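User: I should like a close look at a single part of this structure, taken slowly and in a connected way. Please consider the model below.

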Amino acid sequence: MTGRPFSLIVTDTSPLLTLVLAGSLDVLLRPGLPVSIPDAVYIEATRVHGAPGADQIVEWINENLESVRIIPTDIGID
């Protein structure tokens, strides 16, 4: 064992969009694990301001910065 803590990794926009439209993004925080969102997923989910759920996802992340982090990727940078 490496001793590193586990985390949830949201690898696709579908869970974010489904949970935000259900008003249930906090479900991701219930296990008490850090939530990692690759920047490419974040960009895809939030790039169109005013799209259903986009602003709420940004707001939720900003409200939970101690538990939710955006992970940089080469794809997201491009």
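How many bridges join strand β1 to β2, and do the two run parallel or antiparallel?

Analyst: The model is a predicted one. In it, strand β1, residues 8–9, is joined to β2 by two bridges, and the two strands run parallel. The partners across this pairing can be named: Leu8 stands opposite Val35 in β2, while Ile9 has Ser36 of β2 opposite.

The side chains of β2 may be taken next. Val35 and Ile37 point one way from the strand, Ser36 and Pro38 point the other way, and all of them are buried. Thus Val35, which faces Leu8 across the pairing, is buried, and Ser36, the residue opposite Ile9, is buried as well.

The pairing belongs to an open sheet of three strands in the order β1-β2-β3, with parallel pairing. Strands β1 and β3 (68–71) stand at its edges with a single partner strand each, so one side of each has no neighbour in the sheet.

The chain leading into β2 also deserves a remark. The loop between α1 (13–21) and β2 (35–38) contains Asp26. This residue is partly exposed, with a relative accessible area of 44%. Together with Asp55, Glu59 and Glu63, Asp26 forms a negative surface patch. Asp26 can take part in such a patch because its 44% exceeds the required 30% relative accessible area.

How values were computed: Residues numbered from 1 in each chain as written. Predicted model: local features only at pLDDT ≥ 70, side-chain atom pairs only at ≥ 80, totals over all residues. Heavy atoms only, no water. Patch = residues over 30% accessible without salt bridge, like charges linked within 9 Å, V, L, I, M, F, W, Y side chains within 5 Å. Areas by Shrake-Rupley, 256 points an atom, 1.4 Å probe, with all protein chains shown as cover. Salt bridge = Lys/Arg side-chain N within 4 Å of Asp/Glu carboxyl O. Lys, Arg positive; Asp, Glu negative; His and termini not counted. Charge placed at Lys NZ, Arg CZ, Asp CG, Glu CD. Helix = DSSP H or I, 4+ residues; strand = E, 2+ residues; numbered from the N terminus. Buried < 20%, exposed > 50% of the residue type's maximum accessible area, 1.4 Å probe, protein only. Pairing = 2+ DSSP bridges.
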